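Please load the model in your viewer and keep a selection tool at hand, as the stops below follow one another.

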Amino acid sequence: MDITGIAKSHQAGIPKASSKREWKLSDSLREQIAGYAREDAAQGVYMGNKFLALRKSEVAKVAPDRAGIPGVPADR
């Protein structure tokens, strides 16, 4: 057996990465972000408090246990 045969035999049990679901930005969330961007631009602010709170809440939905991950700050 050559090296490719050995490599293929060891990779047989590895699941494919394509089995993950793909996340897409919803239209309502996109509109909300655009609204916050307009408000912040009118005030001369880049990523204001409302946007940062929205981002934090969305991250909490996707990765609710960020505090449990070593090396990752909990406030991100």
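In this predicted model, begin by selecting lysine 50 and glutamate 39, which form a salt bridge whose closest N and O atoms are 3.3 Å apart. Lysine 50 belongs to helix 3 (residues 49-62) and glutamate 39 to helix 2 (residues 27-43), so the pair ties together parts that are 11 residues apart in sequence. Both partners can be coloured by accessibility: lysine 50 is partly exposed, with a relative accessible area of 48%, and glutamate 39 is partly exposed as well, at 35%. The count of salt bridges comes to one.

Next, select helix 2 as a whole, which has 17 residues and spans 25 Å from its first C-alpha to its last, close to the 24 Å expected at 1.5 Å a residue. Within helix 2, highlight Leu29, Gly35, Tyr36 and Asp40, which are its buried residues; they cover an arc of only 130° around the axis and therefore lie on the same side of helix 2. Show helix 3 alongside, since the buried residues of helix 2 pack against helix 3. Then turn to the face of helix 2 directed away from its buried side, where the exposed residues Asp27, Glu31, Arg38, Ala41 and Ala42 are found.

Move on to glycine 44, just after helix 2, where phi is positive at about 75°.

Finally, zoom out to the chain, which has three helices and zero strands, arranged along the sequence as α-α-α. Of its 76 residues, 9% count as buried, and the chain exposes about 6,900 Å², with carbon and sulfur atoms supplying 57% of that area.

How values were computed
Residues numbered from 1 in each chain as written. Predicted model: local features only at pLDDT ≥ 70, side-chain atom pairs only at ≥ 80, totals over all residues. Heavy atoms only, no water. Helix = DSSP H or I, 4+ residues; strand = E, 2+ residues; numbered from the N terminus. Buried < 20%, exposed > 50% of the residue type's maximum accessible area, 1.4 Å probe, protein only. Areas by Shrake-Rupley, 256 points an atom, 1.4 Å probe, with all protein chains shown as cover. Salt bridge = Lys/Arg side-chain N within 4 Å of Asp/Glu carboxyl O. Expected span 1.5 Å × (residues − 1). Arc of directions from axis to C-beta. Contact = heavy atoms within 4.5 Å.
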